[in-house]
Amino acid sequence: MKKPKFRIGSRASRLAMVQTSMVQCWLEKHCPGFEVEVIKISTEGDRKLGISLGELSGPGAFVKELEQALLEGRIDIAVHSLKDMTIKLPEGLMIGAVLERDDPRDVLVTRGFKFDELPLGSMIGTDSPRRAVQLLNLRPDLKVQTLRGNVETRIGRVTEGVIDGAVLAAAGLRRLGREEAITGYFPESFLPAPGQGAMAIEARQDDLELLEILRSLNHAGTAVAVTAERGFLAAMGGGCRAAVGALGTVEDGRLRLRGMFSPDHRHIVSDEIAGDPENAEKLGASLAEKMKTTWNALYPEAAVWK
Ligand SMILES: NCc1[nH]cc(CCC(=O)O)c1CC(=O)O
């Protein structure tokens, strides 16, 4: 008899394929009764590599086509970098598991320089307002230039000398086996995107058998941390272009959430909160409210929330 099959949808980029293989290996090991098939799906974010992410049709450029395939039953599982996912998922879909987080930090890739050693006026590539504003806050002398493309392309621009440095997620570099490209780290205050370094598995809400299997893949500590981070992002109301950073950590049973945001892409407000992991999402929302109040007090002429 033919084995029943799980179809995993993945973007075709190397990083996406590596992430998908990690899930595929786990499923093959834990569900020997099932066959696992990987189906490659190209997303808007993959096809429009030449333009800035801000010019794409909206948030979710890297996930929408996968979610469509899930809803239409062409695939059963979509593997995503959690930070690429929208806050509200399409009706009928849910996150079935959050995998244990890798290094959540942003790192610097240069031709040998650490962050403090970069010559004055160095040109750093990034397409993220969150990364740009934090870079310039620490080193106002630096120049920031738009840089897109997959991870390999971005490292290549630095090696070729087109730019002096790039800011990338440590997790992506590690999964691609390119950790050696990291030349520097940032101060602890430099916060990653909500969800950075974590992978999520999305499935249909009514696929109960599969959801049950995915449950044992879920990493509780990571799930709590990213729930707080996404709660913070949701309460900030920012789309993917908002300069919002957050990092949750669970230490001794307490959830600590640090957040930063810069509505004008120039000034930064950052703060932190700690509490019960049970209230992760609420904690994120509370931190956001606290920081909006701070922002409005500091910059009344630029008060974006009344
Ligand atoms: N937006 C692209 C993207 N989405 C997830 C990662 C890295 C892997 C992760 O954060 O889990 C990257 C590359 C990067 O930011 O350098």
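Biologist: Where does Asp76 lie?

Modeller: This is a predicted model, and in it Asp76 lies in the loop that runs between α3 (64-71) and β3 (77-81).

Biologist: Is Asp76 buried or exposed there?

Modeller: Asp76 counts as buried, because 22 C-beta neighbours fall inside 10 Å, and the cut-off for that class is 20 or more.

Biologist: And which residues does Asp76 touch, leaving out those up to four places away in sequence?

Modeller: With those left out, Asp76 touches Phe6, Arg7, Ala203, Asp207 and Leu210. As for Glu37, which is 39 residues from Asp76 along the chain, the C-alpha atoms of the two are separated by 10.0 Å.

Biologist: Let's switch to the ligand. Which residues are around it?

Modeller: The residues around the ligand are Ser81, Lys83, Asp84, Val151, Leu168, Ala169, Ala171, Gly172, Gln196 and Gly197. Two elements, β8 (165-169) and α6 (170-175), give two or more residues each to that shell.

Biologist: How do the residues of the shell divide into nonpolar, polar and charged?

Modeller: The shell around the ligand holds 4 nonpolar, 4 polar and 2 charged residues.

Biologist: Which domains is the protein divided into?

Modeller: There are domain 1 (5-99 + 197-218), domain 2 (106-185) and domain 3 (228-302).

Biologist: Then where does the ligand lie in relation to domain 1 and domain 2, and why?

Modeller: The ligand shell lies between domain 1 and domain 2, because both of these domains give residues to it.

Biologist: How far apart are the centres of domain 1 and domain 2, and how many residues does the contact take from each?

Modeller: The C-alpha centres of domain 1 and domain 2 lie 27 Å apart, and the contact between them takes 9 residues from domain 1 and 12 residues from domain 2. On the side of domain 1 that touches domain 2, the residues divide into 4 nonpolar, 4 polar and 1 charged.

Biologist: Different topic: in what order do β11, β12 and β13 form their sheet?

Modeller: The 3 strands form an open sheet in the order β11-β12-β13, with antiparallel pairing. The edge strands, each of which pairs on one side only, are β11 (244-251) and β13 (269-275), and the twist from one strand to the next averages 15°.

Biologist: What kind of bonds do strands of a sheet pair through, generally?

Modeller: Strands of a sheet pair through backbone hydrogen bonds, and the pairing may be either parallel or antiparallel.

Biologist: How many bridges join β12 to β13?

Modeller: Strand β12 (residues 254-261) is joined to β13 by 7 bridges, and the two run antiparallel. Leu257 stands opposite Ile273, a residue in β13.

Biologist: Which strands does helix α8 lie across?

Modeller: Helix α8 (residues 220-236) lies across β11 and β12, and it runs at about 150° to β11.

Biologist: What about the loops there; what is the phi of Asp252?

Modeller: Asp252 has a positive phi of about 50°, although it is not a glycine, and its place is the loop between β11 and β12. Asp252 is exposed, because 5 other C-beta atoms lie within 10 Å, where the cut-off for that class is 12 or fewer.

Biologist: And where is His265, and what is its phi?

Modeller: His265 is in the loop between β12 and β13, and its phi, near 60°, is likewise a positive value in a residue other than glycine. With 14 other C-beta atoms within 10 Å, His265 is partly exposed.

Key:
Residues are numbered from 1 along each chain as its sequence is written. This is a predicted model: local features need pLDDT of at least 70, side-chain atom pairs count only at pLDDT 80 or more; totals for chains, interfaces and linings use all residues. A residue is near a molecule or strand if its C-beta atom, placed from the backbone, lies within 6 Å of it. Helices (H or I, at least four residues) and strands (E, at least two) are DSSP runs, numbered from the N terminus. Ala, Val, Leu, Ile, Met, Phe, Trp, Tyr, Cys and Pro count as nonpolar, Asp, Glu, Lys and Arg as charged, and the others, Gly among them, as polar. Domain bounds come from an automatic or database domain assignment. Two residues are in contact if their C-beta atoms, placed from the backbone, lie within 7 Å. Two strands pair if DSSP finds at least two bridges between them. Axes are lines fitted to C-alpha atoms, for helices over the stretch in contact, and angles run from 0 to 180 degrees between N-to-C directions.
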